[in-house]
Amino acid sequence: MRKPIIAGNWKMNKSYSEAKVLLDEIKNLELNDDVEAVVCPPHINLALAKELLKGTNVKVGAQNSHDKDSGAYTGEVSPAFLEDLGVEYVILGHSERREYFGECDKFINSKVKAVLGHNLSPILCVGETLEEREADKAKDKVKTQIEADLEGVDAKEFDKVVIAYEPIWAIGTGKTASADDAEEMCAYIRELIKENFGEEAAEKVRIQYGGSVKPDNVSEIMSKENIDGALVGGASLEAESYQALVNFK
Ligand code: PGA
């Protein structure tokens, strides 16, 4: 059985002082233990999150990582540092990083392998633009990303790999893919993992949907067979809403 995973992607939100308030609230929430709850604050607040969430089941994820352990890479954070801090997840290949920071599949692939090498779980984001969906090219795009970003990953590592299917047109727009469309793509991703890495890897890999997930649509999305979780931006920035997401029925 794959454990459901609800991860909050805070993006570039919450200063140190604001994060303290939200993390304190999250620390005191009653959350369903059968669901893996993750928060991904900006790097500057990762140590704070580890500290304040000590003793809870809420895990901490980073929003990015470099692929090298150390060196002259001004402004970057290494997977070794994240491991040292006790971070458990790292979002990689988010469409905002691909679009605004020019990250390509080759670099993302290198980061995925680096992160796994440090015993961290990647949350690899893939997804199509509206133009690609309208041109019936959504599956082609996702196939290209999955195969390139996961190239060379050992099939045995897929119990640690999380894939987030995030159609770009649904991120932060209030437009959610229908639960059936999301399920269709997540089933396709599982099929791709089976073709490329074998049946066991496909059974183990957890696949999230992301894009305007809210307390009022999370249950329908989570009811789908191939959807094991959600990667949530906006609706994860408030404790009550985060609790409703993790405690979906
Ligand atoms: P959203 O963001 O929930 O605000 O649409 C999701 C994401 O980009 O991970």
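# Reading a predicted model, feature by feature

Modeller: Let's start with one residue: lysine 14 has a relative accessible area of 26%, so it is partly exposed. On this scale, buried means under 20% relative accessible area, exposed means over 50%, and partly exposed lies in between (1.4 Å probe, protein chains only). This is a predicted model, in which local features need pLDDT of at least 70 and side-chain atom pairs count only at pLDDT 80 or more, while totals for chains, interfaces and linings use all residues. Residues are numbered from 1 along each chain as its sequence is written, and side-chain values use heavy atoms, with hydrogens and water left out.

Colleague: Where is lysine 14 found?

Modeller: Lysine 14 is in the loop between β1 and α1. Helices (H or I, at least four residues) and strands (E, at least two) are DSSP runs, numbered from the N terminus. Lysine 14 also has a positive phi of about 80°, although it is not a glycine.

Colleague: And what of asparagine 119: is it buried or exposed?

Modeller: Asparagine 119 counts as exposed, at 56% relative accessibility. Its place is the loop between α5 and β5 (121-126), and this non-glycine residue has a positive phi of about 65°.

Colleague: How many helices and strands does the protein have, and how do I read its radius of gyration?

Modeller: The protein has eleven helices and eight strands. The radius is taken over C-alpha atoms, and the globule rule is 2.2 Å times the number of residues to the power 0.38. For 249 residues, a compact globule would have a radius near 18 Å; the protein has 17 Å, which agrees. Its C-alpha trace spans about 45 × 45 × 35 Å along the principal axes, and buried residues make up 51% of the 249.

Colleague: What about salt bridges in the whole structure: how many are found?

Modeller: The general idea is that side chains of opposite charge can pair when their charged atoms come close. Here a salt bridge is a side-chain nitrogen of Lys or Arg within 4 Å of a carboxyl oxygen of Asp or Glu, and the search finds 21 of them. One of them joins arginine 2 to glutamate 203, with the closest N and O atoms 3.8 Å apart. Arginine 2 lies in the segment before β1 (5-9) and glutamate 203 in helix α9 (residues 199-204), so this pair ties together parts 201 residues apart in sequence. Another, between glutamate 96 and lysine 11, has an N to O distance of 2.8 Å. That pair links helix α4 (residues 95-100), which holds glutamate 96, to the loop between β1 and α1 (16-27), which holds lysine 11; the two are 85 residues apart. Lysine 141 and glutamate 132 also meet in a salt bridge (3.0 Å, N to O). As for networks, Arg2, Arg190, Glu203 and Asp228 are joined into one by salt bridges that share partners.

Colleague: Which pairs should I compare for sequence and space separation?

Modeller: Try leucine 29 and glutamine 243, which are 214 residues apart in sequence and 6.8 Å apart in space, C-alpha to C-alpha. Leucine 29 sits in the loop between α1 and β2 (36-40) and counts as buried, at 19% relative accessibility. Then look at phenylalanine 107 and glycine 174: they are 67 residues apart in sequence and 30 Å apart in space, C-alpha to C-alpha. Phenylalanine 107 belongs to helix α5 (residues 105-117).
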